[in-house]
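Reader: Please show me the model. I have some questions about charges, the pocket and the ligand.

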Amino acid sequence: MNPQPGFLTMRPMTLDDLPQVYRIELDSFTLPWSFNSYVHELTDSRVSRCFVAATKDDNERKKILGMIVIFLIEDEAHVATFAIAPQYRRNGIGWRLMLHAFKEVCREGADHAQLEVRAGNQSAISLYEKFGFVTVGTRKNYYVDNHEDALLMNLDSMNLEKLAVIESRFLASDSE
Ligand SMILES: CC(C)(COP(=O)(O)OP(=O)(O)OC[C@H]1O[C@@H](n2cnc3c(N)ncnc32)[C@H](O)[C@@H]1OP(=O)(O)O)[C@@H](O)C(=O)NCCC(=O)NCCS
């Protein structure tokens, strides 16, 4: 599946999305968030910004293809969770969703971003590096399931102009 113009929509997550979001969570992570964590992020948290990638087809029940949650703390955007449904990966949905979320938080005042990623998660690390994230540290034995290290990655300066450049680079490599 290649996302065609008009097929995908990026929008804020709603409570109605949560059953599908939670399925993706379970399919994507060995230490998944609970369903109630998502309820909390949507209803109680002042810092959470939650977005989904979804199909746009009005004739079908909308399908959720991926989600991202960002904690916006003053000028910092912390990527708290991010996943695309396994059957839709490697189609350019991940970068589009992250870009959409970053544009939204930039409009609210974020000017840098940070995240933690498993040291062995090459797919995600490659995506983050294409956004300009650099590894600034390691947390040893961070993940309790397999004691894997976490890499701390920072995107030091983030603004709408830079995101537009990143978008054009992704679009150029998509069309190659
Ligand atoms: C990481 C993840 C969100 C990427 O989503 P995606 O929609 O597959 O990513 P995209 O198709 O937009 O890919 C963008 C870039 O990411 C990198 N990438 C994505 N999947 C990759 C893979 N399987 N192998 C190597 N690089 C990969 C590539 O650099 C790719 O660019 P390219 O296709 O031009 O080579 C997805 O793999 C996922 O949900 N993984 C499980 C959950 C997870 O690890 N989340 C991150 C937690 S920190």
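Author: Start with K140, and keep in mind that this is a predicted model. K140 has a relative accessible area of 62%, so this residue counts as exposed.

Reader: Which residue forms a salt bridge with K140, and is that partner buried or exposed?

Author: The closest N and O atoms of the pair are 3.1 Å apart. That falls within the 4 Å limit for a salt bridge. The partner has a relative accessible area of 18%, which is under the 20% cut-off, so it is buried. The residue is D149.

Reader: Which residues do salt bridges that share partners join into one network?

Author: Shared partners are the link here. The network consists of R118, D145 and E148.

Reader: How many residues apart are E148 and R118?

Author: These two form a salt bridge, with the closest N and O atoms 3.2 Å apart. E148 sits in the loop between β6 (134-139) and β7 (150-155), while R118 belongs to strand β5 (residues 112-118). The pair therefore links distant parts of the chain. Their separation is 30 residues.

Reader: Are E148 and R118 buried or exposed?

Author: The cut-off for buried is under 20% relative accessible area. E148 comes to 18%. R118 comes to 18% as well. So E148 is buried, and R118 is buried.

Reader: Why are R23 and D27 separated by about one helical turn?

Author: R23 forms a salt bridge with D27, and the closest N and O atoms are 2.9 Å apart. Both residues lie in helix α1 (residues 18-28). They are about one helical turn apart because their spacing in that helix is four residues.

Reader: What is the exposure class of R23 and of D27?

Author: The class between 20% and 50% is partly exposed. R23 has a relative accessible area of 46%, and D27 has 40%. So R23 is partly exposed, and D27 is partly exposed.

Reader: How many salt bridges does the count come to?

Author: The rule takes a side-chain nitrogen of Lys or Arg within 4 Å of a carboxyl oxygen of Asp or Glu. R23 with D27 is one of the pairs. By this rule the total is ten.

Reader: On to the pocket. How much space lies in the largest pocket, and which residues lie nearest its centre?

Author: The space is about 1,300 Å³. The lining has 39 residues. Elements that give two or more residues to this lining are α1, β4 (76-84), α3 (93-107), β5, α4 (122-131) and α5 (160-174). Nearest the centre are F82, N121, S123, A124 and Y128.

Reader: How many charged residues are in the lining of the largest pocket?

Author: Sort the lining by class. Nonpolar residues number 19, and polar residues number 13. The charged residues number seven.

Reader: Which residues are closest to the ligand?

Author: The ligand is surrounded by 21 residues. The closest are F82, R90, G94, N121 and S126.

Reader: Which residue has a polar side-chain atom 2.9 Å from an oxygen atom of the ligand?

Author: Set the backbone cases aside. A polar backbone atom of N91 is 3.2 Å from a ligand oxygen. For W95, a backbone N or O atom lies 2.9 Å from an oxygen atom of the ligand. The side-chain case is K130.

Reader: What distance separates the C-alpha atoms of T30 and N146?

Author: T30 lies in the loop between α1 and α2 (35-43). T30 is exposed, with a relative accessible area of 56%. Along the chain, T30 and N146 are 116 residues apart. Their C-alpha atoms are separated by 9.6 Å.

Terms used
Residues are numbered from 1 along each chain as its sequence is written. This is a predicted model: local features need pLDDT of at least 70, side-chain atom pairs count only at pLDDT 80 or more; totals for chains, interfaces and linings use all residues. Side-chain values use heavy atoms; hydrogens and water are left out. Buried means under 20% relative accessible area, exposed over 50%, partly exposed in between (1.4 Å probe, protein chains only). On a 1 Å grid over the protein atoms alone, a cavity is a set of points where a 1.4 Å probe fits but cannot get out, and a pocket is an open set with protein on both sides within 12 Å along at least five of seven lines; lining residues have an atom within 4 Å of a point. Grid points are joined across faces, edges and corners, and a volume is the space filled by probe spheres set on the points. Ala, Val, Leu, Ile, Met, Phe, Trp, Tyr, Cys and Pro count as nonpolar, Asp, Glu, Lys and Arg as charged, and the others, Gly among them, as polar. A residue is near a molecule or strand if one of its heavy atoms lies within 4 Å of it. A polar contact is a pair of N or O atoms within 3.5 Å; within protein, one must be able to donate a hydrogen and the other to accept it, and residues adjacent in sequence count only if both atoms are side-chain atoms.
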